[in-house]
Amino acid sequence: MNRRIRDIPPSGIRKFFDLITGREDIISLGVGEPDFPVPWHIREAIIYSLEQGYTSYTSNWGLPELREEISEYYRRFGVESSPENVLITTGVSEGLDLSIRSLLNPGDRIIIPEPCYVSYKPLALMTYGEAEIISTSPENGFKISGEDILKSGVDAKAIIIGYPSNPTGTSYTKKELEEIADAVIEKDLVVISDEIYAELTYEWNHVSIAGLNGMEERTVVLNGFSKAFAMTGLRIGYAIAPERILNAMVKIHQYTMLCAPISAQKGAIEALKNGLKDVEEMREKYNRRRRYFVKRLNDFLPCRLPEGAFYVFPSIRETGLTSDEFSERLLFEKNVAVVPGSAFGESGEGFIRCSYATPIEKLKMAGDLMEEFVNSL
Ligand code: PLP
């Protein structure tokens with residue numbers, strides 16, 4: 001067995017999933033997945049493409065029409081790219097793997113602010129890179145600053161920033177990103193910017209760090225259709241990156257994946273052409289749930305109001321339990337599933353992640369049960 005792979009622990013989210021699979025009696029705030037179906041006109045476009053016989057491979061790069069749509073669409077986040085700078089991937093998951101593998105030589109360091117999405121560190125380790133962790137906390141809004149980056153080790157090559165963040169929901173203003181960009185340029189780093197929750201930003205319009213001065217040539221933007229368009233199972237995403245990086249990424253992609261599924265690419269074209277109003281409707285619903293649930297949680301657990309995504313990350317420190325113990329007992333005693341903060345890195349200990357991608361009635365029930373549980377401790 002490959003020793004690196006053997007020694008990487010399995011995802012802490014999956015562990016909890018396995019415990020609740022098939023249990024109808026559980027209220028799950030554990031899943032990082034929209035509860036809305038794929039908008040009907042997108043499904044219809046996919047069905048129609050199948051009827052027309054679109055079942056072949058596409059170019060490794062993806063359908064030209066989709067690459068064009070994406071390059072146009074990303075202008076709203078401040079990025080002027082050409083379709084040649086867009087690679088269609090099987091989800092952001094593949095984009096993360098391709099970008100990390102393209103950038104790191106064995107032993108190269110990559111800065112990863114934590115708590116963060118579960119795959120960043122394992123993917124860096126799988127490519128024989130080394131992760132340099134920067135811990136964040138609610139005191140600084142779970143944000144990294146330019147100063148944090150300047151204080152990090154001298155030899156890092158890249159940094160992964162995911163915003164709005166899974167698990168904390170934290171996002172960055174343009175001003176905060178400009179400060180990060182200055183530090184990134186001073187340290188000569190490449191940024192992998194995971195913007196999968198860009199559309200689910202509630203307090204301001206999402207800004208891509210790739211659009212800031214001097215950043216386009218050193219940023220790999222990753223985004224996709226899983227969250228904004230509720231298309232998780234269709235496995236479709238994209239990378240926007242400078243030619244030198246994208247050429248390396250497509251090399252791995254052509255040998256390992258070949259191309260993203262053509263049906264999903266057809267659906268993605270329809271999503272960008274006619275689906276933005278659906279995104280807006282879903283965003284409004286998530287926003288209402290966000291405000292409701294944060295207020296309710298604060299009756300018994302301290303929780304900051306996150307700026308984006310569909311997660312809240314309350315502190316459970318005052319209960320004296322570890323995040324694993326809290327989540328396990330909440331599940332067994334009250335049938336409510338959440339994810340222990342420790343699944344997202346050491347600095348996630350003392351917190352739990354709750355997804356509010358669930359109807360408000362269920363959030364109400366979950367809030368009552370969680371309060372009963374906390375009061376019983
Ligand atoms: N990045 C983040 C921050 C995520 O939360 C997720 C999924 O939960 C992914 C990437 C993976 O997304 P995809 O479904 O596009 O592979």
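## Exercises on helix packing, cores and backbone

Leu29 touches Phe293, Val336, Ala337, Val338, Arg353, Cys354, Ser355, Thr358, Leu363, Ala366 and Met370, leaving aside residues up to four places away in sequence (contact means heavy atoms within 4.5 Å). This is a predicted model, where local features need pLDDT of at least 70 and side-chain atom pairs count only at pLDDT 80 or more, while totals for chains, interfaces and linings use all residues. Residues are numbered from 1 along each chain as its sequence is written, and side-chain values use heavy atoms, without hydrogens and water.

**Exercise 1.** Find where the largest nonpolar core lies.

*Solution.* Start with the term: a nonpolar core is a set of buried Ala, Val, Leu, Ile, Met, Phe, Trp, Tyr and Cys residues joined through side-chain atoms within 4.5 Å. Buried means under 20% relative accessible area, exposed over 50% and partly exposed in between, with a 1.4 Å probe and protein chains only. Next, the members: the largest core has 61 residues, and Leu29, Tyr286, Phe326 and Met370 have the most contacts inside it. Finally, the place: domain 1 (3-38 + 277-376) and domain 2 (40-274) both give residues to this core, so it lies between them; the domain bounds come from an automatic or database assignment. A second, separate core of 29 residues includes Val38, Tyr73, Val221 and Ala228.

**Exercise 2.** Describe how helix 4 packs against helix 10.

*Solution.* Helices here are DSSP runs (H or I, at least four residues), as are strands (E, at least two), numbered from the N terminus. First take the geometry: helix 4 (residues 64-73) and helix 10 (residues 262-274) meet at an angle of about 35°, with axes 9 Å apart. The axes are lines fitted to C-alpha atoms over the stretch in contact, and angles run from 0 to 180 degrees between N-to-C directions. Then list the contact: helix 4 brings Glu65, Leu66, Glu69, Ile70 and Tyr73, while helix 10 brings Gln265, Ala268, Ile269, Leu272 and Lys273. Last, look at burial: Leu66, Arg67, Glu69, Ile70, Ser71 and Tyr73 are the buried residues of helix 4, and their cover includes strand 2 (86-89), strand 8 (237-240), helix 10 and helix 11 (276-297).

**Exercise 3.** Leu258 and Ala309 have positive phi; decide whether each is buried, partly exposed or exposed.

*Solution.* Leu258, in the loop between helix 9 (243-256) and helix 10, has phi near 75°. At 30% relative accessibility, Leu258 is partly exposed. Ala309, in the loop between helix 11 and strand 9 (311-312), has phi near 60°. With a relative accessible area of 0%, Ala309 is buried.
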